[in-house]
Amino acid sequence: MSKSLSKRPSKATNKSTPKRTPPAQQLPDEEPTIAKPMTRVVAIIYDGMLILALLFLVGAVLTVVGTLLTMETGSQSSQAQSLPTWYQNAIMTPSFVLTLVGFYGIFWRRGGQTLGMQTWRLKTVNNSGHLLTWGQSFKRILAACLMPLLFGIIGSLVGGSRALLLTSAFLGLIFNYMFCLFNRRGLAVQDMLSNTITLKMPKVAHEGLWSGFKNRKKNL
C-alpha cells in the first residue's frame with residue numbers, strides 16, 4: 001500500500017511538467033537576399049505617394065508664407081504675382097530637399113524600412129549590415145538622384161521642353177534599377193555609389209516598422 005502511494009506523486013509530477021518544444025529554426029533558403037529591381041520600384045511607388053503629399057504640404061505652407069512676405073501691403077490676392085526667383089531657389093528648393101532627406105533618413109536610421117519597403121519586406125543597410133547613419137542616408141539619396149539629373153540635363157539640351165525634361169529624369173530613375181540586371185551582384189547604381197544595399201527579408205526574420213522603432217530606442 002505504501003509503495004503505491006509513493007508512486008502516485010511521481011506520476012502527477014510527470015504530467016504537470018510541460019514539454020519543451022524546440023525553437024523554430026530558419027530554413028537555409030529563408031535568408032535575406034538582394035532585392036529584385038521590380039520589387040524595389042513598386043516600393044518606391046508606394047513611398048512616392050506619401051512623399052508627394054509631404055512635398056505638397058510643404059510647398060503650400062511656403063507659398064503662403066512667401067506670398068505674405070513678398071506681396072505689398074494692400075494688394076489683393078488677384079494682384080499677387082508668382083513668388084520671386086530668389087525665394088524659390090533659396091527657400092523652397094532647399095526645403096523640398098530637406099523633406100526628402102528627412103523622410104528617408106528617419107526611416108532608414110530607425111528601422112531600415114520606409115512604409116513602402118515594409119510592405120514588401122525590404123530593408124536598406126550598409127555593407128556591414130548595420131542601419132544607415134545620416135551621412136550614409138544623404139549619400140545614398142544623392143547617388144539615387146545622379147542618373148535622373150544627368151538624364152534630365154540631356155533631355156533639356158535635346159528638346160528644352162519641360163515634359164521632355166521630366167520624362168528624361170524618370171528614365172534616369174528607371175536606369176538606376178535596370179542596372180541591377182547587368183550587375184553581377186544585382187546592385188543598383190545608388191547601392192554601388194553609397195556602399196549600401198537593399199535586402200529582401202524573409203518572413204521569419206522580418207521586423208515590423210514600429211518594432212524597429214522600439215528596438216532602436218532601447219539600444220540608444
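# A tour starting at M117

Select M117 first. Leaving aside residues up to four places away in sequence, M117 touches A43, D47, W108, G112, L122, K123, T124 and T198. This is a predicted model, so keep that in mind at each stop.

**Stop 1: the core around M117**

Now add the residues of the largest nonpolar core. It has 12 members: A35, A43, I51, V101, F103, Y104, F107, W108, M117, L122, L132 and I141. Three neighbours of M117 appear in that set too: look for A43, W108 and L122. Colour the core by element. Two elements, α2 and α3 (85-110), give two or more residues each. The largest share, 5 residues, comes from α3. In soluble globular proteins, nonpolar side chains tend to be buried together.

Another core lies apart from this one. It has 5 residues, among them V125, I197, L199 and M201. Show both sets in separate colours.

**Stop 2: helix α2**

Select residues 37-70, which make up helix α2. Where does α2 bend? Go to D47: the helix bends there by about 25°. D47 is also one of the residues that M117 touches.

Next, pick out the buried positions of α2. These are P37, T39, R40, A43, D47, I51, G59, L62 and G66. A43 and I51 from this list are also members of the largest nonpolar core. Keep R40 selected for the next stop.

**Stop 3: the salt bridges**

The structure holds 2 salt bridges. Side chains of opposite charge can pair when their charged atoms come close. Show D191 and R40 as sticks. They form a salt bridge, with the closest N and O atoms 2.9 Å apart. D191 sits in helix α7 and R40 in helix α2, so trace the chain between them: the two are 151 residues apart, and the pair links distant parts of the chain. Are these residues buried or exposed? Both D191 and R40 are buried.

Now add R140. The side chains of D191 and R140 meet in a salt bridge at 2.7 Å, N to O. R140 lies in helix α5 (residues 134-158) and D191 in helix α7, so this pair ties together parts that are 51 residues apart in sequence. R140 is buried, as is D191. Through shared partners, the salt bridges join R40, R140 and D191 into one network.

**Stop 4: the loop before α7**

Step back along the chain to N183. It is placed in the loop between α6 (162-178) and α7 (189-194). N183 counts as buried because its relative accessibility is 17%, and the cut-off for buried is under 20%.

Which backbone atoms does the N183 side chain reach? One is the backbone nitrogen of R185, at 2.9 Å. Another is the backbone nitrogen of G186, at 3.1 Å. Draw both distances in the viewer.

**Stop 5: the sheet**

Switch to a cartoon view. Find the open sheet of 3 strands, with the order β1-β3-β2 and antiparallel pairing. The edge strands are β1 (33-34) and β2 (122-126), and each pairs on one side only. Strands of a sheet pair through backbone hydrogen bonds, either parallel or antiparallel.

Select β3, residues 196-200. This strand is largely enclosed by the rest of the structure, because 4 of its 5 residues are buried. Look first at its pairing with β2: the two strands are antiparallel and share 5 bridges. L122 stands opposite K200 in β3. The bridge partner of N126 in β3 is T196.

Then turn to β1. It joins β3 through 2 bridges, again antiparallel. Here T33 stands opposite K200. Click K200 and look both ways: L122 is opposite K200, and T33 is opposite K200 too. L122 also takes you back to the start, as a member of the largest nonpolar core and a contact of M117.

**Last stop: the whole chain**

Zoom out. The protein has 8 helices and 3 strands. From the N terminus, the elements run α-β-α-α-α-β-α-α-α-β-α. Of its 220 residues, 29% count as buried. Among contacts with a separation of 6 or more, 68% come from residues 24 or more positions apart.

Methods. Residues numbered from 1 in each chain as written. Predicted model: local features only at pLDDT ≥ 70, side-chain atom pairs only at ≥ 80, totals over all residues. Heavy atoms only, no water. Pairing = 2+ DSSP bridges. Buried < 20%, exposed > 50% of the residue type's maximum accessible area, 1.4 Å probe, protein only. Polar contact = N/O pair within 3.5 Å; in protein donor to acceptor, adjacent residues only side chain to side chain. Salt bridge = Lys/Arg side-chain N within 4 Å of Asp/Glu carboxyl O. Core = buried A, V, L, I, M, F, W, Y, C linked by side-chain atoms within 4.5 Å. Contact = heavy atoms within 4.5 Å. Bend = angle between axes of the 7 residues up to and from the residue.
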